[in-house]
Amino acid sequence: MSDPDERRDPLLCEAHRRSLELLRENATTWGVRACRADPRAERRNYGAVFGRDASICALAMAMSGEPELRDAAERGLRTLARGQAPNGQIPKFVRPETGEADFWYGGCIDASLWWLIALRLGERLGLAPGLGAELRDNAEGAIRWLSCQEHPANGLLQQNEASDWADIMPRSGFVLYSNALWYWVKRLYGLPGAEQTREFANFLFFPFGNVVPSHRRTRLLVHYVRNRAKPSELYLSFVNFSFWGEEGDVFGNLLAVLTGLADSSRAVKIAQALERASVAEPWPVRSVLEPIPRHSPLWRAYMGRHRQNLPHQYHNGGAWPLLGGFWVLLLARLGRTDDARCALARLAEANRVGEWGFYEWFHGLRGEPLGMRGQSWNAAALLLSHEAVRGRLRLWA
């Protein structure tokens with residue numbers, strides 16, 4: 001992964017250098033830590049190897065051209081494989097010093113998805129050529145486990161509340177974010193039913209079109225939503241039996257475009273809707289467009305725990321540099337290179353706050369930095385964004 005042109009933009013050059021430095025700092029014997037080591041991070045288990053964090057980081061570390069980072073990425077994927085449950089599920093995180101594998105309260109569906117994505121793409125991007133063969137049995141186990149979470153009639157994954165990256169949000173049933181990743185996994189591994197997953201995802205998460213699904217149960221779900229939901233250019237965040245999410249899940253919609261779940265026309269409309277909502281303000285980008293308030297039927301008591309997931313905070317509307325990276329990837333994928341470069345510069349500025357603090361998230365209104373410092377996946381998202389702007393990223397083919 002070569003440096004950006006220093007003469008054109010010193011900020012991007014420094015951001016690139018600082019990102020590599022942070023990943024080197026957070027690399028351990030077991031893989032990459034979620035964030036920079038400090039007592040508060042250790043109390044919150046951020047020193048562990050997380051399924052989603054380590055997998056996203058592995059994509060950038062594989063492309064880095066640095067053997068030290070490639071080795072750490074491979075170690076992280078192996079650590080997660082060693083923590084795999086007998087039924088095939090990849091853990092939310094593994095505590096390296098004890099080997100304890102944690103699977104979260106209601107399960108953690110996307111750790112398995114991201115791990116499979118990193119394993120398959122890793123070799124293409126620069127990890128050891130034999131890694132996929134070494135972990136083939138683990139991959140087959142993870143796919144079997146995910147297949148058991150799939151509804152047999154529509155090809156969509158089902159999940160509990162608070163069981164993906166937005167782990168204190170009430171999305172449940174069929175969730176956009178997880179199913180965009182599932183569609184990507186199916187394509188990467190050549191699994192059957194990818195088009196079924198795509199077709200029913202578009203029926204269910206965008207129920208405002210003219211086509212009605214033939215499957216009776218899905219048709220009834222669509223009718224529930226169509227009769228009551230406010231029309232939008234965005235996909236719904238989730239659909240369950242007679243209730244759904246209209247908060248505007250940014251990560252899920254970004255992934256729907258990037259993975260090809262959305263067709264080209266829908267992709268353009270999603271990007272335009274996010275821009276109209278000023279999604280990259282105060283920092284790139286907010287996790288939802290309309291935070292869930294306390295009086296909403298979707299509000300859950302756990303969202304107020306530690307006062308963390310209040311409106312405009314954390315997953316309920318906080319601004320995440322991780323998502324800012326995927327916003328750059330979306331703009332680049334749509335061929336909007338100049339806009340992507342501007343978004344990348346803004347992302348670099350966000351990570352520069354606090355003397356290159358690489359903060360986990362920012363308040364969605366006030367813009368103050370919050371969460372952990374030195375977040376590894378911030379660095380990874382920035383490095384992947386650099387490559388996308390330069391036209392050198394090939395994740396979606």
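## Two small sheets in a predicted model

Strands β3, β4 and β5 form an open sheet, in the order β3-β4-β5, and the pairing is antiparallel. Its edge strands are β3 (49–50) and β5 (100–102), and each of these pairs on one side only. Strand β4 covers residues 93–95, and 2 bridges join β3 to β4. These two strands run antiparallel. V49 has V94 as its bridge partner in β4. In general, the strands of a sheet pair through backbone hydrogen bonds.

The model is predicted.

### The whole chain

The protein chain holds 15 helices and 10 strands. Its radius of gyration is 20 Å, and the globule rule gives 21 Å for 397 residues. The two values are close, so the chain is as compact as a globular protein of that length. Along the principal axes, the C-alpha trace spans about 55 × 45 × 40 Å.

How much of the chain is buried? Buried residues make up 61% of the 397 residues. The accessible surface of the chain comes to about 15400 Å². Carbon and sulfur atoms account for 49% of that surface.

Contacts also reach along the sequence. Take the contacts between residues at least 6 apart in sequence: 67% of them join residues at least 24 apart.

Charge can be counted too. The chain has 49 positive and 43 negative side chains. The centres of the two sets lie 4 Å apart.

### F50, in the sheet that opened this report

F50 lies in strand β3. Is F50 buried or exposed? Its relative accessible area is 8%, under the 20% cut-off, so F50 is buried. Leaving aside neighbours within four places in sequence, F50 is in contact with A34, N45, S55, L80, K92 and F93. One of these, F93, belongs to the residue range of strand β4. Q272 is 222 residues from F50 along the chain, and the C-alpha atoms of the two are separated by 33 Å.

### The second sheet

Another open sheet is made of 3 strands in the order β6-β7-β8. Here too the pairing is antiparallel. The edge strands are β6 (174–175) and β8 (243–244), each pairing on one side only. Strand β7 covers residues 238–240, and 2 bridges join β7 to β8. Which residue of β8 is the bridge partner of N240? The partner is F243.

S172 sits in the loop between α7 (136–148) and β6. At 6% relative accessibility, S172 counts as buried. Not counting residues up to four places away in sequence, S172 touches Q159, N160, E161, F238, V239, N240 and F243. Two names in that list, N240 and F243, are the bridge partners already described.

D249 is placed in the loop between β8 and α11 (250–258). This residue is buried, with a relative accessible area of 1%. Beyond neighbours within four places in sequence, D249 is in contact with R171, Y177, S237, S287 and V288. D249 and E21 are 228 residues apart in sequence. In space they are 31 Å apart, C-alpha to C-alpha.

The three buried residues discussed so far are set out below.

| Residue | Place | Relative accessible area |
|---|---|---|
| F50 | strand β3 | 8% |
| S172 | loop between α7 and β6 | 6% |
| D249 | loop between β8 and α11 | 1% |

### Backbone details in the loops

The loop between α12 (264–276) and α13 (321–333) contains P282. A cis peptide bond joins E281 and P282, with omega at about 5 degrees. V285 is found in the loop between α12 and α13 as well. Which residue does a cis peptide bond join to V285? It is P284, and omega is about -20 degrees.

H306 also has its place in the loop between α12 and α13. Its phi is near 60 degrees, a positive value in a residue other than glycine. H306 has a relative accessible area of 66%, over the 50% cut-off, so this residue is exposed.

W104 lies elsewhere, in the loop between β5 and α5 (109–125). W104 is not a glycine, yet its phi is positive, at about 70 degrees. With a relative accessible area of 27%, W104 is partly exposed.

Key: Residues are numbered from 1 along each chain as its sequence is written. This is a predicted model: local features need pLDDT of at least 70, side-chain atom pairs count only at pLDDT 80 or more; totals for chains, interfaces and linings use all residues. Side-chain values use heavy atoms; hydrogens and water are left out. Helices (H or I, at least four residues) and strands (E, at least two) are DSSP runs, numbered from the N terminus. The radius of gyration is taken over C-alpha atoms; the globule rule is 2.2 Å times the number of residues to the power 0.38. Buried means under 20% relative accessible area, exposed over 50%, partly exposed in between (1.4 Å probe, protein chains only). Contact means heavy atoms within 4.5 Å. Accessible areas come from the Shrake-Rupley method with a 1.4 Å probe; for residues, only the protein chains shown count as cover. Lys and Arg count as positive and Asp and Glu as negative; His and the chain ends are not counted. The place of a charge is taken as NZ of Lys, CZ of Arg, CG of Asp or CD of Glu. Two strands pair if DSSP finds at least two bridges between them.
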